Each structure stands twice: as C-alpha cells, then as structure tokens.
Amino acid sequence: MSKKENSSSLVIVESPAKAKTIGKYLGRGYIVKATMGHIKDLPPKRLGVDVLNGFQPTYIVLPFRKRFLSEIKKASLAVSQIYLASDPDREGEAIGWHLAQELKDREKDIYRIWLNEITPRGLTQAFQSSGKIDMNKVHAQQTRRILDRLVGYKISPLLWRKVKRGLSAGRVQSVALRLICDRERQIESFVPQEYWTITANLSGYSPPPFDAKLLRKNKKKVEIGDQAQAERIIKELKQLPFLVEDVVVSKRVRRAPPPFITSTLQQEASRRFGFSVKKTMLLAQRLYEGMEVGDEGRVGLITYMRTDSLRVASDAIGKAREWIKENLGEEYLPPHPIIYKNKKLSQDAHEAIRPTSVLRHPLKIKKYLEKDEFLLYQLIWTRFIASQMPPARFEVTTVDIKAGAYLLRATGSVLLFPGFLKVYEKGQDLSPEERSSPEPPLPPLSAGESLTLNKLTPEQHFTQPPPRYTEASMVKELEEKGIGRPSTYAPILSTIQERGYVKKEKKRFIPTELGCLVTDLLVENFPDLLDVGYTARMEEELDAIEEGEKGWVETLQVFYTGFEEELERAKKEMRNLKKERIATEEVCEKCGSPMVIRWGRFGQFLACSRYPDCKNTREILDQPPHKEGEDSPQVCPQCGQPLVIKKGKYGQFYACSAYPECKTTLPLHPPTQVELDERCPQCNEPLVLKRGRNGKFIACRNYPKCRYIRHKETGVNCPVEGCQGRLVERRSRKGKIFYGCSSYPTCNFALWHKPVPRQCPRCGSPYMIEKRQKGKGSKLHCPNEDCRFTLKPQKEK
C-alpha cells in the first residue's frame with residue numbers, strides 16, 4: 001500500500017457486514033465505520049427541488065441516519081485520512097459525495113476508493129488507485145433522483161384527487177407496469193387458431209424405430225386446420241411407400257455463455273431456483289460483503305454484483321484456466337483466453353460477477369453457507385468456469401423422407417464433446433411441459449432405403465398467446481428495451497407489487513384492475529412519460545451525464561419543459577373517477593332504481609344511482625357480460641331443448657328456447673350454497689350453507705318464506721328473567737360482531753363483548769364476559785356491576 005495508509009485512517013462503507021470484512025483485513029491503524037446506506041436525501045414532505053433556480057436540490061440528513069453520521073464525525077477527529085469506500089456505482093458515489101460534504105470542515109485528506117471485490121488483493125488495488133469523488137457519477141445519480149422526485153411529487157397528488165389516495169406514479173415503474181398491462185391485453189384479445197401435426201413412426205433396416213414429422217406437400221408447407229383434413233392426409237399416407245430421400249450429417253457447436261452480469265444473474269436465479277429479483281440481490285450482497293469461511297475467516301466470495309460489464313480481470317481468467325487444466329484436463333482448455341465484448345451502452349467500470357477465487361470450490365465451503373447462499377454462489381462459480389471452456393460439439397443428422405407428394409423430416413443429434421456442458425447448462429424460462437426434450441439419435445439410414453410405417457399419430461394444437469411476464473423475462477425485457485439499469489431492476493419490480501398494481505400467480509405477473517386503470521390514465525395524459533422509447537432515451541442521457549458528455553441541468557430543463565405542459569393539461573382533462581358513474585342495466589333490488597358502476601378504495605363496484613337516499617351496493621360479478629339471445633351450453637331440464645340468455649327486470653337469466661311451449665327459467669349465476677343433511681327447526685325444510693358479505697352462514701332453504709338463520713352459539717343462556725333464548729353471535733348492519741338473544745325480536749338483550757359459560761367464583765353469576773386487550777391476551781370480567789370480579793389474563797396460544 002502507499003504511504004498514505006501508514007498513519008491512522010478512517011474507512012467509511014455502507015453496511016456493517018462490509019465494515020466487518022474490511023476491518024479484519026486492514027487491522028490496527030484503521031477505523032472502519034458504516035453509514036447503513038444513504039445519509040442524506042431530498043426532504044420527504046416537500047419537493048426539495050428549486051425548479052426556478054437551476055433545479056438545485058435541498059438535501060437533509062435522514063433522521064434514522066443521524067446517529068451513524070455522528071459516530072463517523074466523532075471517529076474522524078482521531079485520524080489523518082478519510083477513505084470513502086461506498087459501493088462503486090452511482091448510488092455509492094452519491095453517498096461518498098454527501099459524506100465528503102459533511103466532513104469537509106474536518107480539514108482532513110479525503111480520498112475515494114472503489115472496491116470491486118472485498119479481498120486483500122482487492123483492498124490493495126483500491127488503496128493504490130484511490131482518487132477523488134467522480135462528480136459526473138454524482139450528477140447522473142442526482143439527475144435520476146430529481147427526475148423521479150418531479151414525476152412522483154407532481155403526478156401522485158393528481159391521482160389522489162382523480163382516483164383515490166395512496167396511489168403513486170414513477171418515471172420508470174409506470175413504464176414497466178405499462179409493459180405488463182399491454183401484455184395482458186394482448187392475451188385477452190388473442191384468438192386461438194386450431195392446427196394439427198402428423199407424426200409418423202418408422203423403422204429402417206437397423207433399429208431403433210424413429211419419428212418423422214410431416215413437413216411439405218408438393219414442396220409447399222402443409223397447414224392442417226382441422227381433424228377432418230388430418231384424417232384425409234393420414235388415409236392418403238397409409239397407402240403410400242416411405243423412402244429415404246436424403247441424409248445430411250452436419251456438425252453444430254454450442255458456445256459457453258459469458259459470465260454473469262446483474263440482469264442475467266437475476267434471470268437465471270429466477271429460472272433455476274424461483275428466486276425473486278429482490279432475493280437474488282440480497283443474497284448476492286451478502287456474498288459480496290463477506291461470509292465466515294472456516295479458518296480463512298470472513299471473506300468476500302464474489303465481485304460487485306451491480307454491473308452490466310462482461311469484462312474480467314486477466315489474472316482471474318488465468319486462475320480459471322489453471323483450474324480447468326488441473327481438474328478437467330487439457331481437452332477442456334481453449335488455446336487462448338475467451339474475451340467477451342460488452343454491449344454498446346454497458347458501463348465498463350466494474351468486472352462481470354465472478355468468484356473472488358476459483359479455489360473456493362462451492363462444495364468446499366458449502367457447510368459455511370445457508371442453502372440459498374450456496375445455490376447462488378455455486379451458480380456464479382460454475383458459470384464463470386464455463387465461460388472459459390470450449391464449446392460443446394454435436395453431430396446433427398437430418399433425414400428427409402418421401403411418401404408420394406409428401407415430405408417428412410426426422411432429426412437426431414449426438415453429443416460428440418461436452419465442452420462447457422461438463423460443468424454448466426443454462427436454464428430455460430419455460431415450464432417443464434414447455435421445455436423441448438433433446439433430439440434422440442437416429443438409426444443408420446441411407447438414401448433410397450425403404451422404410452416400414454409403424455404408426456401415424458395426428459395431434460391437435462392451438463396457437464398460444466404471448467406468455468405473461470415472469471420476473472426473469474421482465475428483467476430481460478427491461479434490459480433489452482433499455483429501461484432502468486442493473487441497480488434499479490429489483491426496486492422496479494418490488495414497487496409495482498407493493499403498490500397493488502400487479503399480483504403474481506404461478507410466478508407470473510398479472511396486472512390488477514387498479515394497475516390497468518392507473519396505466520390507462522397515465523398513457524392518456526402523459527404519453528411521452530409512458531413511452532418506452534422515451535424512457536430508454538432518458539437512460540442514455542443519464543449515461544451521457546456520467547461520461548461527462550452532457551450537462552445535468554440542461555437534461556432536466558429539456559425534460560421539465562415538456563413534462564410541465566402535459567401536467568397542466570392533465571389537471572384539466574384527466575378523468576375524475578371519484579365523480580364518474582357508469583350506467584348499467586342492473587337494477588337495485590332494494591328500490592328498483594338503475595345500478596351504476598363506481599370506483600372505491602377496493603376497486604369498482606355496483607351502487608344504486610339514488611345514493612345517498614339508497615345506499616345499496618354489491619360486487620361486480622367476475623363472469624363476462626352475456627349477449628341477449630346468446631346460446632348457452634346448458635339444456636333445459638324439462639324438455640331437453642337448448643337454453644338461451646334473456647334479460648328481464650332483475651337482470652339476465654336462462655330461458656328455454658322452446659318458449660312459450662316450455663316456460664322453464666334458471667338463474668344465470670346460481671347462488672353459491674350447499675345443502676346440508678339437517679332440517680330447519682321452524683319449517684322442516686333442508687338447511688343450506690350460504691355465503692354472504694360477512695362470510696359463510698347456515699340458513700333455511702325456504703328463504704324468504706322462512707327467515708331462520710342458525711347463529712354461532714356461545715353456550716350461555718339469556719340472562720333476562722323468563723326468556724328461554726340463548727346468547728348467539730350476530731352482526732350489526734356495519735358488519736361488527738355482537739352477541740344477542742336468539743329470541744330476537746321478542747327479547748332485545750345484547751352484549752358487545754363475548755359471553756363465556758363460566759360461573760363467577762365471587763358472586764355466582766352464571767356467565768362472565770371476555771374482554772381482549774391488544775398484546776395482552778384476554779381477561780374475564782363478571783357482568784355484575786356490584787361484583788366486578790376479574791380473572792387474570794389468559795395466555796394466548
């Protein structure tokens with residue numbers, strides 16, 4: 001290390017784990033402190049950006065970071081040099097700059113160091129190449145932060161006024177949400193097309209039998225649209241001889257994938273292990289910052305994990321090649337190191353993600369890692385080793401088979417040399433049933449050979465809509481379209497889920513009704529902001545600021561000029577869903593007035609148009625609307641004729657198509673109820689289990705003639721003298737639980753607290769009441785005001 005480090009120094013990092021690892025390596029003469037992330041940010045309750053004064057930001061020290069900043073300032077008094085070792089990206093540079101601003105009055109030498117890996121070698125290199133804060137990176141981060149603040153603080157209140165409170169919009173998150181909503185609409189509008197394929201199972205002179213697919217007829221592609229056409233072709237094929245027309249043997253290579261960058265690591269961890277993007281980054285952060293590894297102690301296991309660069313240090317490549325030669329053999333070592341080219345917009349400040357030492361084989365350190373940490377480390381290690389290995393080589397055989405005017409084709413492949421596949425095979429972003437199985441090898445065949453037809457198999461297919469995004473495919477889409485950067489993929493996907501704009505089913509994103517509504521409003525009123533190309537160009541401008549090719553104030557000024565115009569127009573023209581009423585043909589069952597669709601805090605619902613005179617509401621059914629006269633797959637239970645959908649005073653219903661000869665009708669959406677093997681105590685009709693707005697309940701099937709409802713029993717008799725009723729659980733009109741007499745309305749006795757069939761040990765009251773205290777369980781109180789005996793809290797299970 002240089003002379004600068006000989007005297008006492010303060011090294012400032014972001015996390016305690018990183019501080020612990022670095023502190024172990026540096027030893028005496030160094031104080032290592034952690035900031036716990038950003039120490040300063042824009043104020044939370046005001047814009048904090050002076051738009052009229054060159055977009056100057058106002059930063060404040062975050063309240064929950066003051067203690068850490070105070071410790072850092074105190075430690076700085078006892079040292080001669082300060083080293084800012086925050087993460088080597090834009091966010092880390094901004095943290096370093098804010099620290100330098102807070103410590104500049106200490107009159108100390110302040111240096112910036114960039115740690116690509118937390119190892120003794122990485123620290124030595126960092127101290128030897130220490131420098132000053134990169135203000136271009138700071139300006140790029142600051143521009144992004146101001147852009148996000150302007151969009152969030154200007155648009156979110158507009159959504160609160162027009163839709164509901166608590167909604168938010170983001171410069172990048174809203175574009176990601178748009179991609180998900182657009183994909184969902186593609187799926188909804190997709191019309192599947194039927195098609196058929198025909199596979200022939202054939203045998204040659206040598207075993208085994210093999211499959212060939214029908215490809216062409218008269219040199220034109222065969223398109224089979226239905227079963228009848230497939231059966232006609234099969235009938236023809238059965239009458240024809242099958243002859244081998246041509247055999248082509250070729251060589252194919254499959255090259256090793258490059259080492260991981262942030263996006264590809266997130267995608268592969270999602271495919272293989274089902275990790276969320278957020279989880280992958282948390283695990284990678286732990287591996288980077290350092291783990292306890294036996295006698296070696298605490299050590300960083302991988303290089304910095306937020307990168308889009310494929311560059312790898314030459315000594316790391318050399319170590320990988322040594323390991324391959326010693327452990328796998330000369331045939332698995334390419335003659336020259338493999339160098340991967342970066343994409344056009346990649347930032348080359350960091351290396352690709354790799355292990356800090358290939359000698360730390362995953363199996364050697366497995367016992368020191370948690371299961372998920374091991375899986376991710378093993379993935380990174382094997383991918384890096386594979387990236388320096390030769391391609392896999394295959395022999396591919398393609399056989400064209402003639403049957404009259406028809407051409408069939410069979411393909412088989414044989415692995416000649418595994419190459420990188422010996423240690424690593426890339427996952428696929430498909431479900432198991434969608435994954436293509438490897439092509440089996442074909443038997444020896446020669447041109448002109450006669451084949452025996454064993455079987456012809458027709459198979460029905462339907463064209464499929466584009467799949468919904470998984471986290472892996474979403475990151476890939478964002479990367480390909482230039483939306484966001486390695487450090488932002490995880491926050492983008494987390495935010496749109498936390499806001500309730502999307503949900504995940506079977507690991508795929510589905511937009512919620514709220515998400516689609518917000519997207520539509522933003523696309524209508526902020527077309528530039530929600531444009532994918534515009535967002536990608538803005539990312540390129542941030543990169544240009546980081547490279548010193550563009551001014552940050554100029555970039556903000558150009559953005560804000562167009563944004564301000566759209567904002568003012570949206571304030572006047574954006575639809576106000578709080579006031580919007582959409583007419584329907586539904587009728588209020590309480591007063592007979594038309595029902596309208598309104599928007600509430602939980603989405604759309606049906607409400608009476610006479611509100612507030614009539615406050616009736618109900619859910620909008622999930623079933624899609626039906627057209628009057630539309631045929632139903634159901635048949636009339638009386639005469640067997642098809643049922644059709646009709647519209648009446650109380651909405652749609654099924655009616656027999658033989659009307660007026662048959663007047664059978666059925667509800668369009670049958671009520672959800674299950675008949676029980678019990679009888680109503682009042683009319684002897686069967687009891688049914690129903691679902692109401694407050695959940696399930698048991699009632700008489702003969703409703704409304706019989707209004708019997710079985711309430712939940714408490715086991716306590718009504719205390720009113722002469723009453724034979726029991727205290728049961730009931731609900732108020734607002735859904736609140738209370739306990740009343742089963743003889744209501746004859747007896748009006750009621751309690752808010754639950755009665756318990758336990759005698760008071762002091763006064764002998766036949767029951768006590770249970771009162772719950774938050775965090776303290778429950779207490780039993782005597783209902784007798786003269787007694788007021790209380791039992792100690794019961795410990796909750």
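Which residue in E35 is the bridge partner of Gly-740? Select Gly-740 and then Ala-750, because Ala-750 in E35 is that partner, where strands, like helices, are DSSP runs numbered from the N terminus (at least two residues of E for a strand, at least four of H or I for a helix). Before moving on, keep in mind that this is a predicted model, in which local features need pLDDT of at least 70 and side-chain atom pairs count only at pLDDT 80 or more, while totals for chains, interfaces and linings use all residues. Residues are numbered from 1 along each chain as its sequence is written, and side-chain values use heavy atoms, with hydrogens and water left out.

**The sheet around Gly-740**

Widen the selection to strand E34, residues 737–741, which pairs with E35 in the antiparallel sense over 2 bridges; two strands are said to pair if DSSP finds at least two bridges between them. These strands belong to an open sheet of 4 strands, in the order E32-E33-E34-E35, with antiparallel pairing. Strand E32 (712–717) and strand E35 (750–751) stand at the edges with a single partner strand each, so one side of each has no neighbour in the sheet.

**A parallel sheet**

Go next to the open sheet of 4 strands ordered E2-E1-E7-E8, where the pairing is parallel. Its edge strands are E2 (30–34) and E8 (109–112), each of which pairs on one side only, and the twist from one strand to the next averages 20°. Select strand E7 (residues 81–84) together with E8 to see a parallel pairing over 4 bridges, in which Ile-82 has Ile-110 of E8 as its bridge partner. Then add helix H1 (residues 16–26), which lies across strand E1 (9–13) and E2 and runs at about 170° to E2, the angle being taken between N-to-C directions on a scale from 0 to 180 degrees, with axes fitted as lines to C-alpha atoms, for helices over the stretch in contact.

**Two helices that cross**

Now select helix H6 (residues 173–189) and helix H13 (residues 471–481), which pack at an angle of about 115° with their axes 11 Å apart. Ala-176, Leu-179 and Ile-180 of H6 meet Met-474, Glu-477, Leu-478 and Lys-481 of H13, contact meaning heavy atoms within 4.5 Å.

**A helix enclosed by its surroundings**

Continue to helix H14 (residues 489–498), where 7 of the 10 residues are buried, so the helix is largely enclosed by the rest of the structure; buried means under 20% relative accessible area, exposed over 50%, and partly exposed in between, with a 1.4 Å probe and protein chains only. Among the buried residues of H14 are Tyr-489, Ile-492, Leu-493 and Ile-496. What covers the buried residues includes H6 and H13, together with helix H8 (262–273), helix H9 (277–289), strand E18 (502–505) and strand E19 (508–511). Just after H14, select Gly-500, which takes a positive phi of about 80°.

**Salt bridges across the chain**

The whole structure holds 35 salt bridges, each a side-chain nitrogen of Lys or Arg within 4 Å of a carboxyl oxygen of Asp or Glu. Start with Arg-90 and Glu-546, whose closest N and O atoms are 2.5 Å apart. Arg-90 lies in helix H3 (residues 90–103) and Glu-546 in helix H16 (residues 532–546), so this pair ties together parts that are 456 residues apart in sequence. Are these two residues buried or exposed? Both Arg-90 and Glu-546 are buried.

For another pair, select Asp-372 and Lys-279, which form a salt bridge with the closest N and O atoms 2.6 Å apart. Asp-372 is in helix H12 (residues 371–386) and Lys-279 in helix H9, 93 residues apart. Asp-372 is partly exposed, with a relative accessible area of 24%, and Lys-279 is partly exposed as well, at 32%. Then select Glu-117, Arg-121, Asp-315, Glu-351 and Arg-354, which are linked in a network of salt bridges.

**A hairpin to finish**

The last stop is strand E20 (residues 582–587) with strand E21 (residues 594–600), which pair in the antiparallel sense over 3 bridges. Select Ala-583 and its bridge partner in E21, Val-596. The two strands form a hairpin with 6 residues between them, and Gly-592 in the turn has a positive phi of about 85°.
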